Amino acid sequence: MVVFNNTVNLRFKHNTKRLDKDRIFKELDGMDPQGATAFWDAVVTGIDLVKENAPENAPENEEKWVIGLTDGMDNRSTANQASILEMTKNDKSFNLLIIGVGLGNSAPIKEVCHSTPFGSYIDVTYQNDESIDDAFKQIAEVIILLFYFYLFIFNFHFIFYFIFLLFNFLSAQ
């Protein structure tokens, strides 16, 4: 988990569903949003963490996700939109899903998200906590949909290969 305001702070590395949920909630409850917004630096830190800390036994084609939430446009980072677009141009091994809450011009963030294979930007007009919950549900749906898509493609490929082998076997008889 990476948190940011004037600076970027790493709270803990590589989140998996096996990670202690109490720890996640404790970290979230302890956040005190204030000050400037180093959003682009936080995105770079997230990308670096996802690339460096993938589980050793993870399949090479397993999707890696950086999921972000910001309520302000960047005004503090040393990184910028162009530097992140350069990263995504050369490396398609991760995806960006960003929730923007009450942002005016979200075009730069959208462009960065859409430069990743399955990246997406969700714009939230803050009305209550449910609007942010709904945005995270949308992110979960995207990830689940991609999981089933890959499962279908893998199974289709396996079935096609099996039929091919069966056809060759029967042709040889």
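Me: Helices (H or I, at least four residues) and strands (E, at least two) are DSSP runs, numbered from the N terminus. How many helices and strands does the protein chain have here?

Reply: There are five helices and five strands in the protein chain. Going along the sequence, you meet them in the pattern β-β-α-α-β-α-β-α-β-α. Before we go on: this is a predicted model, where local features need pLDDT of at least 70 and side-chain atom pairs count only at pLDDT 80 or more, while totals for chains, interfaces and linings use all residues. Residues are numbered from 1 along each chain as its sequence is written, and side-chain values use heavy atoms, with hydrogens and water left out.

Me: What share of the residues in the protein chain is buried?

Reply: The idea is to look at relative accessible area (buried is under 20%, exposed over 50%, partly exposed in between, with a 1.4 Å probe and protein chains only). In this protein chain of 173 residues, buried residues make up 31%.

Me: And how do I read contacts along the protein chain?

Reply: A contact means heavy atoms within 4.5 Å. Take the contacts in the protein chain between residues at least 6 apart in sequence: 68% of them join residues at least 24 apart.

Me: Let's do salt bridges. How many does a search of the whole structure find?

Reply: You look for a side-chain nitrogen of Lys or Arg within 4 Å of a carboxyl oxygen of Asp or Glu. A search of the whole structure turns up two salt bridges. In one of them, the side chains of K51 and D91 meet, at 2.9 Å from N to O. This pair ties together distant parts of the chain: K51 belongs to helix α2, while D91 is in the loop between α3 (81-90) and β4 (95-101), 40 residues apart.

Me: Is D91 buried or exposed?

Reply: D91 is buried, because its relative accessible area is 18%. Its partner K51 has 39%, so K51 counts as partly exposed.

Me: Which residue forms a salt bridge with K89?

Reply: That's E86, and the closest N and O atoms are 3.5 Å apart. K89 and E86 are three residues apart in helix α3, so about one helical turn separates them. K89 is exposed because its relative accessibility is 56%, whereas E86, at 39%, is partly exposed.

Me: Back to the loop that holds D91. What else should I look at there?

Reply: Try S93, also found in the loop between α3 and β4. S93 counts as partly exposed, because its relative accessibility is 29%. A useful idea here is the polar contact (a pair of N or O atoms within 3.5 Å; within protein, one must be able to donate a hydrogen and the other to accept it, and residues adjacent in sequence count only if both atoms are side-chain atoms). The side chains of S93 and D91 make one, at 2.6 Å. Leaving aside neighbours within four places in sequence, S93 is in contact with K51 and K64. S93 and K51 are 42 residues apart along the chain, yet their C-alpha atoms are separated by 7.8 Å.

Me: Where is S115 found?

Reply: Look in the loop between α4 (107-114) and β5 (120-124). S115 is buried, because its relative accessibility is 15%. A polar atom of its side chain lies 2.6 Å from the backbone oxygen of V112. If you skip neighbours within four places in sequence, S115 is in contact with L85, T88 and K92.

Me: And T116?

Reply: T116 is found in that loop between α4 and β5 too. Its relative accessible area is 5%, so T116 is buried. The side chain of T116 has a polar atom 3.2 Å from the backbone nitrogen of L96. Not counting residues up to four places away in sequence, T116 touches T88, F94, N95 and L96.

Me: One more case: which residues does R11 touch, not counting residues up to four places away in sequence?

Reply: R11 touches M1, V3, R23, E27 and M31 on that count. You'll find R11 in the loop between β2 (8-10) and α1. R11 is partly exposed, because its relative accessibility is 31%. As for E27, its C-alpha atom is 7.4 Å from that of R11, with the two residues 16 apart along the chain.
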